[in-house]
Each structure stands twice: as C-alpha cells, then as structure tokens.
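User: I am new to this structure. Please show it to me first, then let me ask how its labels are earned.

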Amino acid sequence: MSSQNYQVFWQEALKQLSEEYKSNGKEDEFKIWFKMDYVEDHDNVIVVNVPSEFLKIQMMSRGYVEQIKSKLMEITGQSDFSIEIQYNNATPVSAPVTSQEKVEVKPVKKEEKKADKKESSGKHHPQLMEKFTFENFVPGDNNNYAYSATLAAAKNPGKSDTLNPILLYGGVGLGKTHLMQSLGNYIYQHDEKAKICFISSENFFNEFYYSLQNNQMNKFKNKYRNYDVFLFDDIQFLIGKESLQEECFHTFNGLMEHHAQMVFTCDRPINELKGIEDRLKTRFSSGVCIDLKPPSYENRIAIIRKKLEIEQKVIRNDVVEYIAKNIQMNVRDLEASIKKIVGYQDLIQTEVTIEIAQDLLKDTISEATGNAVSMETILKVVADIENTSIADIKGKGRSKRLAETRHIAIYVARELLEYSYSELGSEFGGRDHTTILSAYNGIADRIKTDPSFEKRIKDIMNSIKEYKKI
C-alpha cells in the first residue's frame, strides 16, 4: 500500500467510526480515544501518532486500535497489515492488542524524569498544589466534560461567557478540586503575573468575619474583587450565612466586571442548596454547571495506572484489578489504597500478592463496599417510590405505567452499577440485551428533553444512594 492511497482509507475509517459512535450517543468517547493521526505506511505497516504514552496504552488496552483495524479491513478488504503506534518521538509499538491483554506501565527512567522536571520548572503558586495538573488527571466518561471545560477555560481565562463561571459539583473525592487547581496551575505556568486566588468558602468566611470585626472591610473588598482567577471551593458552606452571601454576591459582580475567570465547587446540584439566596444561585450557575460522577471500572484502572506511572512504581495486575473492582465511588480511596500497597512493597521489599492486598485493604474496602449500591436496593427503592412490587418490575406486565417503572429501574441500574446490558437482562426477568438497551436509551432520551422527568430520575437515584438497609 502506498502512503497516498492508504491515507484516504484511514480518513474514511475514522469518519465511519465517528458516525457510528455519534449515532450511539458516544460522540465524546470517540473524541477522547480516537486521537490517532496518520503518519505513513510501508511494507503493510501503518504508522500513526497519538498525543501521549498514556493515551497509547489506553487506546490499545480498551480495544480502540482493534476497532479501527477491523474497520480498515472492512473498507480495504485486506487483513495482512498491522498498525504501529508512536507518541511524539517514541518507538512505535505494534498493534493490535486485544482488550483482554494486560498492559504493563513501565517506570520512567530517572534521567527522563529529571529532564521533564527541568523543562517544566517555574515558580509554584503558593495557594495551589503542584500535583494538581491536567497531565495528572485521568479523563473518562464520568468527567470528560468537566476536564474539557476547565482546560478550555484555562487556555482562554475569562474570555468565554459559557465557561465563566464554571460550577463543578459531585461527591467527595471525584476530582473537583483537582480540576479547579489544574486550571489555576495551567494559567500560572503560562503567566506568572496572573493574580490567582484559591480559597475555601470556610476560609473566606473566617477572613470576612475578621475584617468585619476589625474594621478592615475596604481592604477585604479591594483584595477579593481584583483577582484575574478566582477559585472558590465548597460553596455549600455558605448555607445559612446571610451576611457572607451578601458579600459573595458583590464579590462575584466585581470579578465579573474585571473579566476574571471563576470556578466554584459544590457537593450537590445548585438547586438542592437550601438556605442560599436565589440571586446568588443564579450567579453561580450563570455559566456552565457540570456533574462529576464516580469513575467507571475502566476509568478506575486508568487512574491507578496513571498514579503508578507518576510515582514510578509497579504493582501486580491482579492487585490493580482487585482495587478497581472494590473501590468504586471515590478517587481518593483509590489513591490511598495504591499508597498503602506501594508503601508496603517499599518497606518489606517484597511484591504484594492478592492475598496480602486483601489483608492490607480490608478496612478500606469494607467501608467502601458497605455503602455500595446493590441491585436489591435499586429494585426496592424504585418499587416503593413507584408504588409497585419488585416481582411486577421483573415480570411480564406490559401496562404503560409498569413498563415506564421497569425502564426507569433499568436506566438507574445501568447508571449506578457495573452491569452489562446482558447482565441487566438476566436481572430483569431474563430479557434480551437489545430490549434492555432500548429501555435505557428511551429513558436517556426523555431526560434530555423533559426537565421535570430528569428531576424525577435524579430524586430516585439520590434516594437509592441514601438508602440504608435496616
């Protein structure tokens, strides 16, 4: 194959895959994982380039390279070729690699790490944690929108009405503060003169109260209304603090007039914050509000491997999988578990087996799984809310109301559990996976067009998460 002829096939293969992903509602997934640029082809070898080693590993291990190879075989009618992947000036690695194969993350050589450190050396902003960067963040289906939005705002701070302010909300340990500080670090690395503030709402309150008590409010106002970048963590702390909310309102307006880039974080959706003035809620949500959800199993694997790559450590694949399967809701718990495993290996100078890992992490995993959502809980809560029975949800009844309840339960289960469509089919009375997929897509489509229905689903999901078995 000549390079001129093959480049056309390559572009057509990507075009067709893009259309397939888009039609299945997975356009964002395609944009993340198919960043493969054609370089050349020779001797039945196609060479492509990807942005980083991490992306190369993920594309191969997730089976995306195999997908494009299959598409190329379909278009060209040829099968006797291979794909080689390089990143920047890296040595190409042959593909395909099936999604079942293990990918070992090699530690970075000390010489390479020193070179990287020297190249990126610069002043460190005193309020921001150096480790919180976009490079150290692992985007996935659960957080790619938040990642893309904060990165775009970091590249053009304060320039987009859509991305200013940004409100990131979600549970503990899902990456809100990481992304917020990544934005600050990115801006500071490119402009050390930028005036950047990162502060929690609690510390903001303490400083506000001190200024009020000591007649220094003018100094306080002049300080906080003249930043270029304002990063405000945990706005739920403002609940019930009327004087502080008044000051936040005026601070927000001052920053907007100054065209400052603002990012806020919260532990829940803005409309669920009782005890905060509507005008302040409107300010917080006047840009874009983004929900960060718990990472999928594949994303948890990627997070663990990225952490190991940064720390230049290696642990066994079965231990990596054990951690990812048992810690589902919190990235901080994932990182703490890795730290414990790596610390044990360094101290004892022996490889941690799955048996050792189970013993080391028994308390962490017991706590994590103790609050995990189960299929039993989902069915019980949905049945109670919709005033029906679990047997009816799983049964053959086809009334409009019962079918809707069943479809809601299927949608919620797919969102909250690590179940495939086939596994869900088994749970819901032995239904075919295509029936389950159709039910899920029906609810997903309705959520996009019906705000009241979206709220109804969110309320059900919140009830499930808060449900405690007696």
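Analyst: One definition to start. Helices are DSSP runs of H or I with at least four residues, and strands are runs of E with at least two, both numbered from the N terminus. The model is a predicted one. With those names, Pro-165 can be placed: it sits in the loop between α6 (144-155) and β5 (166-169).

User: What makes the peptide bond from Asn-164 to Pro-165 worth a look?

Analyst: Its omega is near 0°, and the bond is cis. Most peptide bonds are trans.

User: Why does Phe-208 count as buried or exposed?

Analyst: Buried means under 20% relative accessible area. Phe-208 has 6%, so it counts as buried. Its place is in helix α8 (residues 201-213). Phe-208 and Ser-243 are 35 residues apart in sequence, with their C-alpha atoms 9.5 Å apart in space.

User: Why is His-259 called buried or exposed?

Analyst: The cut-off for exposed is over 50%. His-259 has a relative accessible area of 59%, so it is exposed. It lies in the loop between α10 and β8. Its phi is near 60°, a positive value in a residue other than glycine. Most residues other than glycine have a negative phi.

User: What can be said of Asn-387 and its phi?

Analyst: Asn-387 is not a glycine, yet its phi is positive, about 60°. Its loop runs between α17 and α18 (390-394). Its relative accessibility is 65%, so Asn-387 counts as exposed.

User: How do you know what span to expect for helix α4 (residues 64-76)?

Analyst: The expected span is 1.5 Å times one less than the number of residues. For the 13 residues of α4 that gives 18 Å; the end C-alpha atoms are 18 Å apart, so the two agree. Just after α4, Gly-77 takes a positive phi of about 75°.

User: Where do the buried residues of α4 fall, seen down its axis?

Analyst: The buried ones are Tyr-64, Val-65, Ile-68, Lys-69, Lys-71, Leu-72 and Thr-76. They fall within an arc of 160°, so they line one face of the helix. An α-helix has 3.6 residues a turn, so residues three or four places apart point the same way.

User: What makes a space a cavity?

Analyst: A 1.4 Å probe fits in a cavity but cannot get out. The structure holds two cavities of 30 Å³ or more. About 60 Å³ lies in the largest. Its lining residues include Phe-204, Cys-248, Thr-251 and Phe-284. β7 (229-233), α10 (242-257) and β8 (261-266) each give two or more residues to that lining. α10 gives the most, four.

User: Which classes make up the lining of the largest cavity?

Analyst: Nine residues are nonpolar, one is polar and none is charged.

User: Which classes line the second largest pocket?

Analyst: The pocket holds about 480 Å³ of space. Of its 24 lining residues, the closest to its centre are Phe-132, Asn-136, His-178, Val-331 and Glu-335. The lining has nine nonpolar, eight polar and seven charged residues. Its largest share, six residues, comes from α12.

User: What makes a set of residues a nonpolar core?

Analyst: The members are buried nonpolar residues, joined through side-chain atoms within 4.5 Å. The largest such core has 29 residues, and those with the most contacts inside it include Ile-378, Tyr-411 and Phe-428. Its largest share, seven residues, comes from α19.

Technical notes:
Residues are numbered from 1 along each chain as its sequence is written. This is a predicted model: local features need pLDDT of at least 70, side-chain atom pairs count only at pLDDT 80 or more; totals for chains, interfaces and linings use all residues. Side-chain values use heavy atoms; hydrogens and water are left out. On a 1 Å grid over the protein atoms alone, a cavity is a set of points where a 1.4 Å probe fits but cannot get out, and a pocket is an open set with protein on both sides within 12 Å along at least five of seven lines; lining residues have an atom within 4 Å of a point. Grid points are joined across faces, edges and corners, and a volume is the space filled by probe spheres set on the points. Ala, Val, Leu, Ile, Met, Phe, Trp, Tyr, Cys and Pro count as nonpolar, Asp, Glu, Lys and Arg as charged, and the others, Gly among them, as polar. Buried means under 20% relative accessible area, exposed over 50%, partly exposed in between (1.4 Å probe, protein chains only). The arc is that of the directions from the helix axis to the C-beta atoms.
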